[in-house]
Amino acid sequence: MDSKNNYNAEDFLSDRIPEGRERLMSDSERELAGEIRQTLKRVGNERMPLLEQAELWERIQEKTINKPTSYPWRRYMQIAAMLLMVLGIGIWQFQKNTPTHKLLDFAAQNVGKKSMNVSSKTSKTNTDVTAPSNESEEENIITTNDFNTFVVGNGKRSAIKLPDGTKVWLNSGSRLIYPVKFSGDIREVYLEGEAYFDVTHDKEHPFNVRSSNMNISVLGTEFYVSSSEGNDNNYAVLVQGSIVFSTGTWLNKKEHQLVPGQRINYNLKENTLAIAEVKTTEFRSWKEGYIDVNSESLDAIIQRVAKYYNMEISIQNLDLSDEKFSGRLDFQSSADDVLNILCAGTPYVYNGVERRLELRKR
Amino acid sequence: MFKNADRDLWTSFINGDDNALNLLYKQFIDVLYAFGLRFTDDGELVKDGIQDLFVDLYKYRETLAIEVNVKSYLFTSLKRKICLVLKKNAAAANHSFEIPFLLSPSIEEQVIHDENQSALLLKLNKQLELLPSRQKEALYLRFNAELEYEEIALIMNISLETCRTLVYRGVKQLREKMTISHIHKALA
């Protein structure tokens with residue numbers, strides 16, 4: 001266009017100006033070239049929301065890395081190292097005859113002790129144990145005598161299928177003791193911690209969940225139980241079906257039958273039972289391993305993650321209310337992974353050792 | 001430097017490092033997603049394409065060539081996957097299919113901080129949208145994704161010379177359309 005100058009924006013932008021001759025271009029052409037470049041830089045920069053990115057990766061992972069048994073042994077070792085296993089190696093005479101007594105005796109022996117020798121007999125049980133669906137395949141099952149003990153470390157969750165087909169999702173820091181083979185009239189397991197049960201229907205063989213201070217009897221149903229020794233509040237949430245909740249011995253026995261959507265709370269100190277209506281979707285999605293968030297702030301989401309994995313996460317005094325997320329947050333990996341994904345693209349990092357959020361260092 | 005990093009990731013992935021697949025994903029997810037959306041406004045379709053792409057990488061890991069331009073390879077594969085679906089959909093609906101290249105600015109992009117520039121840049125945006133698809137694609141890959149001509153030529157399956165010509169013609173057309181507003185601006 002300019003008669004004095006030979007080169008135009010198109011020469012410049014397609015690198016056609018020979019070295020040293022860039023000055024043969026007018027300022028207006030140079031400016032226009034810059035504007036064209038800017039315009040192109042500004043269009044078509046859609047970014048996938050971080051949660052969707054994480055979700056898409058989970059989908060890919062399920063079809064690739066997690067699909068075959070690529071390195072189950074390595075993974076198993078990692079988990080094993082994180083576990084605090086409490087195993088009685090003394091030989092207990094199981095003189096009492098009923099399965100219930102045997103289970104409770106076994107539990108009494110093995111739960112609650114702070115530490116003992118971790119048995120070298122640790123063995124992965126065979127084919128009767130398979131984690132349902134795509135839940136983590138980390139099986140930390142210790143078999144002693146007639147019982148399996150399934151332990152889930154802190155900040156982890158896991159699922160297991162019992163010999164009768166019942167599925168149990170265990171929350172972080174929980175333990176489930178169940179017989180290698182269900183025998184007798186009753187299917188009975190012992191729980192320390194929190195778990196979601198999806199019980200295989202069998203009218204002839206009622207299913208009992210026992211813990212240090214309560215008992216739940218069911219036929220076939222889905223429910224969530226939280227019971228920890230030293231915890232004043234123990235509770236169960238019934239998602240579908242019917243359960244009978246009982247506590248105490250025959251002298252001061254308390255019993256209650258629940259209907260779906262109810263939560264029963266047992267206060268150990270006051271020895272009282274309380275019933276409340278709750279939304280069961282949250283417990284269901286806990287089981288499935290995700291939560292849906294809709295423009296929620298980072299601090300609210302972190303509290304949900306903490307609750308989910310039953311752990312405490314410090315956000316110190318950071319103001320996280322400006323970081324908002326929408327979408328589905330997948331929980332199938334460990335708490336550390338979830339938090340790292342959440343923090344990517346924010347000014348924060350998660351310190352897994354101290355379990356707290358920190359400002360990213362530049 | 002970056003290219004070497006991509007190549008290193010690629011090589012270690014082929015050599016059996018599963019974690020490298022995740023790193024490749026993290027490295028390319030943003031550019032691939034944005035590029036995919038140039039052919040369709042259906043985000044789910046783009047996500048499916050990206051999923052297929054990475055699943056295929058894993059599936060055909062043993063047969064992947066180490067000597068490959070990683071970026072071009074990923075862009076090309078994604079484009080092929082998306083266009084295949086679009087073509088099928090068009091055929092099912094009895095439409096003819098031509099590979100589009102969508103470059104209309106989003107609403108957020110239309111909000112420009114500098115008020116003086118906004119009118120001009122908006123006009124540029126409009127003119128850009130009117131360019132032939134191939135020119136738009138070449139310009140986008142060159143100035144937005146900041147690829148080399150060699151990489152663009154591979155993705156568009158054209159010669160290096162054609163590729164340069166597309167960029168040249170695209171800018172020229174924009175310049176010719178814009179010069180008038182420049183004169184106005186100079187007079188103002």
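Analyst: An axis here is a line fitted to C-alpha atoms over the stretch of helix in contact, and angles run from 0 to 180 degrees between N-to-C directions. The model is predicted. On that basis, helix α7 (residues 133–144) and helix α8 (residues 149–156) of chain B pack at about 140°, with axes 10 Å apart.

User: Why are α7(B) and α8(B) called oblique?

Analyst: Roughly antiparallel needs an angle over 145, and roughly perpendicular runs from 65 to 115. The angle here is about 140°. The pair is therefore oblique. The crossing is right-handed.

User: Which residues make that contact?

Analyst: From α7(B) come Arg134(B), Glu137(B), Ala138(B), Leu141(B) and Arg142(B). From α8(B) come Tyr149(B), Ile152(B), Ile155(B) and Met156(B). By class there are 6 nonpolar, no polar and 3 charged residues.

User: Now the two chains. What makes α3(A) and α3(B) oblique?

Analyst: Helix α3 (residues 50–63) of chain A packs on helix α3 (residues 43–59) of chain B at about 40°, with axes 9 Å apart. Roughly parallel needs an angle under 35, and roughly perpendicular starts at 65. A value of about 40° fits neither class, so the two helices are oblique. α3(A) passes α3(B) in a right-handed crossing.

User: What sits in the contact of α3(A) with α3(B)?

Analyst: α3(A) brings Glu52(A), Glu55(A), Leu56(A), Arg59(A), Ile60(A) and Lys63(A). α3(B) answers with Lys47(B), Asp48(B), Ile50(B), Gln51(B), Phe54(B) and Val55(B). The split is 5 nonpolar, 1 polar and 6 charged.

User: How do you know that Asp48(B) and Arg59(A) form a salt bridge?

Analyst: The rule asks for a side-chain nitrogen of Lys or Arg within 4 Å of a carboxyl oxygen of Asp or Glu. For Asp48(B) and Arg59(A), the N to O distance is 3.0 Å. The pair therefore meets the cut-off.

User: Why is the pair Asp30(B) and Arg47(A) counted as well?

Analyst: The closest N and O atoms of Asp30(B) and Arg47(A) are 3.2 Å apart. The limit is 4 Å, so this pair counts as a salt bridge. The pair crosses between chains. Asp30(B) is in helix α2 (residues 18–36) of chain B, and Arg47(A) is in the loop between α2 (27–42) and α3 of chain A.

User: What makes α3(A) and α2(B) oblique?

Analyst: Their angle is about 140°, with axes 11 Å apart. Roughly antiparallel would need over 145, and roughly perpendicular ends at 115. The pair is therefore oblique. The crossing is right-handed.

User: Which residues meet there?

Analyst: Gln53(A), Leu56(A), Trp57(A) and Ile60(A) of α3(A) meet Leu21(B), Asn22(B), Tyr25(B), Ile29(B) and Asp30(B) of α2(B). The classes are 6 nonpolar, 2 polar and 1 charged.

User: How many residues and salt bridges link the chains?

Analyst: 47 residues of chain B contact 40 residues of chain A. Across this interface the rule finds 8 salt bridges. Over all chains the count is 17. The two chains bury about 4200 Å² between them, 59% of it on carbon and sulfur atoms.

Definitions and conventions:
Residues are numbered from 1 along each chain as its sequence is written. Chains are lettered from A and ligands numbered from 1 in the order in which they are written. This is a predicted model: local features need pLDDT of at least 70, side-chain atom pairs count only at pLDDT 80 or more; totals for chains, interfaces and linings use all residues. Side-chain values use heavy atoms; hydrogens and water are left out. Helices (H or I, at least four residues) and strands (E, at least two) are DSSP runs, numbered from the N terminus. A crossing is left-handed if the near helix is turned anticlockwise from the far one by less than a right angle, and right-handed if clockwise. Contact means heavy atoms within 4.5 Å. Ala, Val, Leu, Ile, Met, Phe, Trp, Tyr, Cys and Pro count as nonpolar, Asp, Glu, Lys and Arg as charged, and the others, Gly among them, as polar. Buried area is the accessible area (1.4 Å probe) that two parts lose on being put together, summed over both.
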